[in-house]
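Here are a few exercises to work through with the model open beside you. Try each task before reading its solution.

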Amino acid sequence: MQYLMLLSHSPDAWDDPDAPQFEEWGAYTQALVEAGIMVSGAGLQGIETATTVQMRGGERLLTDGPFADTKEHLIGFYVIDVPDLDTALEWAAKVPNVRTGSVEVRPVQPGAEPARADATAAATAVRPGRE
């Protein structure tokens, strides 16, 4: 089963002595790959680069920054493929930011994996006249 791990961190917590160091991220990601459970993942740019999109009454509304005003900001994600929630939680407890931030773990909707793969394949396929 696939699980999404949403990584959050408070901007003030980066100065904490327990804050994750750069090399820890590479080591953790490599451990996921070596365990054969890494599906995808990425770090995100800061919230100052975010744009929130909403549709209200047929009108597109854009807001600079994240929609929610929270103490912690979304800093990245991992998608892992493990047998069960307990295993996902064990891996979440090892994410470098968990000491000073948080990791939200959610199961990926059943059937979403093939749909995502099919959509990606269709989007990247060479189509006649678009070579």
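**Exercise 1. How many helices and strands are there in the protein chain?**

Solution. Before counting, note that this is a predicted model, in which local features need pLDDT of at least 70, side-chain atom pairs count only at pLDDT 80 or more, and totals for chains, interfaces and linings use all residues. Residues are numbered from 1 along each chain as its sequence is written, and side-chain values use heavy atoms, with hydrogens and water left out.

Step 1: count DSSP runs, taking helices as H or I over at least four residues and strands as E over at least two, numbered from the N terminus. The protein chain has 3 helices and 6 strands.

Step 2: read off their order. Starting at the N terminus, the elements run β-α-β-β-β-β-α-β-α.

**Exercise 2. Work out the strand order of the open sheet of 4 strands, then find its edges.**

Solution. Step 1: pair the strands, which requires at least two DSSP bridges between them. The order comes out as β2-β5-β1-β6, and the pairing is antiparallel.

Step 2: look for the edges. β2 (38-43) and β6 (102-107) each have a single partner strand, so one side of each lacks a neighbour in the sheet.

Step 3: check one pair. β2 and β5 (residues 73-81) run antiparallel and are joined by 5 bridges; G41 stands opposite Y78 in β5.

Step 4: add the helix. Helix α1 (residues 22-34) lies across β1 (2-9), β2 and β5, and runs at about 20° to β5. Such angles run from 0 to 180 degrees between N-to-C directions, with axes fitted to C-alpha atoms, for helices over the stretch in contact.

**Exercise 3. Which residues of helix α2 (residues 85-92) are buried, and which on its other side are exposed?**

Solution. Step 1: apply the cut-offs: buried is under 20% relative accessible area and exposed is over 50%, with a 1.4 Å probe and protein chains only. The buried residues of α2 are A88, W91 and A92.

Step 2: look down the axis. These buried residues fall within an arc of 105°, so they line one face of α2; the arc uses directions from the helix axis to the C-beta atoms.

Step 3: turn to the other side, where D86 and E90 are exposed.

Step 4: find the cover, using contact as heavy atoms within 4.5 Å. The buried residues of α2 are covered by elements including β1, α1, β5 and β6.

Step 5: inspect the start of α2. There, a side-chain oxygen of D84 comes within 3.3 Å of the backbone nitrogen of D86.

Terms used: A polar contact is a pair of N or O atoms within 3.5 Å; within protein, one must be able to donate a hydrogen and the other to accept it, and residues adjacent in sequence count only if both atoms are side-chain atoms.
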